[in-house]
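User: Please take a close look at the enclosed spaces inside this model and describe what surrounds them. I would like one connected explanation that a first-year student can follow.

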Amino acid sequence: KGVYDAFDHGQYKQALKLLTAFLKKEPKHSLAKALNAMALERCGKKDEAIKVALDAQQSGLDDDTVLNNIKVVYRRCRRFDLLVKMWDAAWTKDPSNDQIGERLYLASLRDKDFVKAQQVATKLYSKLKREQFLHWIIVSLHLQSRLDENEKALQLAGMMLMKAPVQPPADSEAPFHRGRMMTVLMHLETLRMQQKYPEALELLDKSKDIVKYDSDISSMKTRLLLEADKFAEATFVAGSRWAKAPSDWGRAQEFIRLAFQSPEPPALKRRRIGDVEVVDHVARLTDAGDAPAVCPTDDESSFLSRDPVSNAALMLRYLQSKNAEQGSKTGVTQRVQHLASLELRRAAFAAAEEAFLQAATAGASSTDPSEAWRSSIDDSEFTAFVEDVKDFLKQFAGKPHAFFDLKPFLSIIPDSHLEDLLVAARSNPSADEERSKAELSRLEARLRRALLRGSRDSAELVTEVRRLLSLKSGDAALPSEEFMLLAIVTLMDLDKQTSGSAGRPYIFDAITLAEMGIAEYPQAFNFKVLLVLMYSSLGLPGPMLKWYSQLEVKNSQHESISYLAFEMLCRTGPSDLLKMVAGSILHFHEDMDRDGDEGVYNAFSGSSLHRATEYLEALWVGQRSLQWARAVVDESLAEVGQAQTWETLLDNLAKHPFFFQHIQGCEPEHWDRRNQDRLLLNALNPLPLTSPSGISSFSSQAWRSGDAVPTLSLQGHPTAAVCSAAPIWRTAKKAEVKVPQYSRSAAEELLYRGSDFPAARTKMFAAMLSLLSSALAESANAAEVSSALEAVTAAATRLSLKEESPADRCLKLAMVACEATNETLRCCSAEGDWAQVEQRLTHLNEKIPAIVKEIELGSQFDISTREALEFIWTFLHSCASIVVPVAAWMTTALPKVGKKAKEGSEQLVQTRATLKTLLGTLQTTLADLQLSLASASAKMALDGETSGESVLEALGSEAQELRMKLVKQSLEAYRGHLQKLQDSIAARISLLKSRGPFKP
């Protein structure tokens, strides 16, 4: 009972103590061993925990409680291979236990051993003859085929499905049967993967009474036709779907997209641009003809014989004419038809752009490709497009959706059209209505923000802030939430434009406004996000974390938005806060592994088997999370940096050695960046001026391949789900889409920080920690140290470290310390050269004081002060966390030399003397840095209370008083951060001193 109480209260060391005592009396007790393994893992001793778990497994294969406890250890250590072996051994011992067989199947899937999973499912099916296990076999075969394009696996899947044929109900009015639907989806997926599209389409047609929903049937049919390269037929089905639901914007977009994806028919009208001739894609719309009397999809043969783009234009005109006959001028249908008109024009422009670019790339044109899209159309065509946008504003400017509907189209319109668009919006018929008037004001503010893409000077930005703050309703003390948010991001741009001038006046205005906003609108999430970002820009982790905690991050948000705090703490520290946030990320992943296993089991056991592979892929993506890898590494570096005694250092290094080796063994391309949500402020960001085809770069396509999520989204992209049952039909035809470089706003730059963090840098740190862990162990493992150094060197080569980068120079010094460690072990085994060790120690002696001398701390909140703090933390976290333990280790690792040195030991004597010098250099350099921080803190207290003039005069004295209060609080936070950095330095000095005096 005492052991379980200790586990329940998180007292793992107490549990370990109790179990150790018990095992001395009962050394063969399997459950005690399993619990001991759990306690060791919870204490961070993963390698030892695995050894104990393997021992417990030998005698506990017939005890379900023992196996479940060991399962927790293996899962938390991410040793899914051992989990497979455990369940396999348990099932071999008790083949009658079908539940163990099911666990073995699921463990094999987690370990991506799909052949093993197939074998297990086959045994279960042969024994129990349940259709559920037949489906398990087929899922395993599908996964094998996806992994290595195994054609035999697909053939076998087809043969197995013959045992579970699709059986339509005798009565077409029979209720929906989920089991039959799942069987249909299994058959369709197998036929798709075999590229047997005619058979799949025939099966789908026969299964209408099972699928039930016409929309599901047409959606799957469209996808099958598209994959079969029958674009005309797919476009026909998509057009029919839109005709049945004219107000469905998603269906309209799909129809238009497929029309332009279809092969171009011969004999299309062409146009000459400069010295090249290309297809006139705009003419495909304009020359399509008048609105037909009947729906174009009523006559399939005529539809299939026409140009698909002309069909799209005719469909739109037909729907518009029907809408006009009904007398509707507003509403959802009218809105969708207007958007479809704009999308047709944009798609035609994009097709013209791509055609021109292809010709230019082939050398057929002398025109600059960067100007291709405007060169590929007439000015009159672009003018007509702008007029169409203005017409939309005249009809819908008073609606909340107007701006967001137009985002993809506004992104290809230059800033010079802003005033014309504003005039069009003001001419909206409902402009005099109170509610519409408020929406028009919001739309105008959004348009100004969206289209004045960084082209304004400081004075214009100040004027815009004052204009936004003046937009109050009646007697309200503050503007609405929307105007306050826009004023804040504009102030942040002002701060960026003035290069964070001394005192950072604009950022403090923005912080003041955000604090007032959150007080007025306590549920407004964006104010909290902006406060986190702004305190990050000041380099103040304390206030930043205060507002980050108020975001109430839960569950998957620890993976998706924890970067808001994590990125800053990785740059500025301090160790305790960095450990806290990194720990929350790691805890989420542990929970995800546990809950994910349950979700996958429920999917395979229940009625959502068709989504089981989707759940598995989510877990596999989680296993490749770069955020997880960085959290492991940075938490460990922070713990190493906090160690003040040798024993604490060894304990900290012993927590994640397996993870270090796993990360160092993965190539940078292994890691996934897509899990972080950087679209938090999407509605507040300026729109980039891009081309019609460039809009797709700002959609979910840009990060589906694993890249970082951009800070801006312009266009939605259809999901891979094909019906209401939400099965994912993945396709091998994936277009690689990258987010282009563009001028980001200040808020976007803060959101984007860390998105391009090199995975090779994480690999390098992991290899360094692995090297330290192996070298500092009781019995140093020279082979592991050498392997880790190879990984360090490989990562450094990938990074191309530059001398002008402070972070890179710190990494180089840490790398030199690792080389010295490896060479020392080689010398101790009579393989190395002490001269090489001495050379590296001399290099550290020279470079470490030089790099610290570059640090200059200011006394005001400016960019240089923040950069200096980041430089200090980079030195402490990336360099000293490796160099200091290595220097301390060498005090006992270097062989001693007697008073009468033996012949040939002169170089060792010199090496020991150099180490003595290095120890002194480290202590002196760290002490000097400590004094520099103390001096900066005192100086800030004397003259740091200026923060420049404010532009918040319109908000009265209350705002000014709050601003002064926030400046003083920030000064206190700054001094508190400097003190924590001094404490971090003191910890490293204490570690050096803990080894006692070193005699050369």
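Analyst: In this predicted model, the lining of the largest cavity is made up of 7 nonpolar, 3 polar and 4 charged residues. The space inside the largest cavity is about 190 Å³. Its lining counts 14 residues, and those closest to its centre are His-142, Glu-189, Leu-609, His-610 and Thr-613. Three helices each contribute at least two residues to this lining: H9 (131–148), H11 (178–193) and H34 (612–623). The structure has 6 cavities of 30 Å³ or more.

The second largest cavity holds about 80 Å³ of space. Its lining has 2 nonpolar, 4 polar and 5 charged residues. Among the residues that line the second largest cavity are Glu-567, Arg-630, Asp-672, Arg-673 and Arg-678. Helix H35 gives the most to this lining, with 3 residues.

Glu-567 leads to helix H32, since Glu-567 is one of the buried residues of that helix. H32 is mostly covered, with 9 of its 10 residues buried. Others in the buried group include Tyr-563, Phe-566 and Cys-570. Just after H32, Gly-573 adopts a positive phi of about 75 degrees.

H32 also takes part in an open space. The second largest pocket has a volume of about 890 Å³. It is lined by 28 residues, of which Arg-571, Phe-757, Ala-807, Glu-870 and Thr-874 are the closest to its centre. The helices that each supply at least two residues of this lining are H32 (563–572), H35 (626–642), H38 (746–752), H39 (759–775), H41 (806–828) and H43 (863–893). Among the contributors, H43 gives the most, with 8 residues. By class, the pocket lining has 11 nonpolar, 6 polar and 11 charged residues.

Charged residues raise the question of pairing. Side chains of opposite charge can pair when their charged atoms come close. How many salt bridges does a search of the whole structure find? The search finds 60. One of them belongs to H41, a helix that also helps to line the second largest pocket: the side chains of Glu-823 and Arg-826 meet at 3.2 Å, N to O. Both residues lie in H41, 3 residues apart, or about one turn of the helix. An α-helix has 3.6 residues a turn, so residues three or four places apart point the same way. Glu-823 counts as buried because its relative accessibility is 11%, under the 20% limit. Arg-826 is partly exposed, with a relative accessible area of 32%.

Salt bridges with shared partners also join Arg-146, Glu-189, Arg-192, Arg-223, Glu-227 and Glu-617 into one network. Glu-189 thus appears again, having been named among the residues closest to the centre of the largest cavity.

Two further pairs complete the picture. Lys-206 and Glu-202 form a salt bridge of 3.3 Å, N to O, and both lie in helix H12 (residues 197–206), 4 residues apart. Lys-206 is exposed, with a relative accessible area of 54%, whereas Glu-202 is partly exposed at 44%. Arg-241 and Glu-254 meet in a salt bridge of 2.9 Å, N to O. This pair links distant parts of the chain, with Arg-241 in helix H15 (residues 231–244) and Glu-254 in helix H16 (residues 249–261). Both Arg-241 and Glu-254 are buried.

Key: Residues are numbered from 1 along each chain as its sequence is written. This is a predicted model: local features need pLDDT of at least 70, side-chain atom pairs count only at pLDDT 80 or more; totals for chains, interfaces and linings use all residues. Side-chain values use heavy atoms; hydrogens and water are left out. On a 1 Å grid over the protein atoms alone, a cavity is a set of points where a 1.4 Å probe fits but cannot get out, and a pocket is an open set with protein on both sides within 12 Å along at least five of seven lines; lining residues have an atom within 4 Å of a point. Grid points are joined across faces, edges and corners, and a volume is the space filled by probe spheres set on the points. Ala, Val, Leu, Ile, Met, Phe, Trp, Tyr, Cys and Pro count as nonpolar, Asp, Glu, Lys and Arg as charged, and the others, Gly among them, as polar. Buried means under 20% relative accessible area, exposed over 50%, partly exposed in between (1.4 Å probe, protein chains only). A salt bridge is a side-chain nitrogen of Lys or Arg within 4 Å of a carboxyl oxygen of Asp or Glu.
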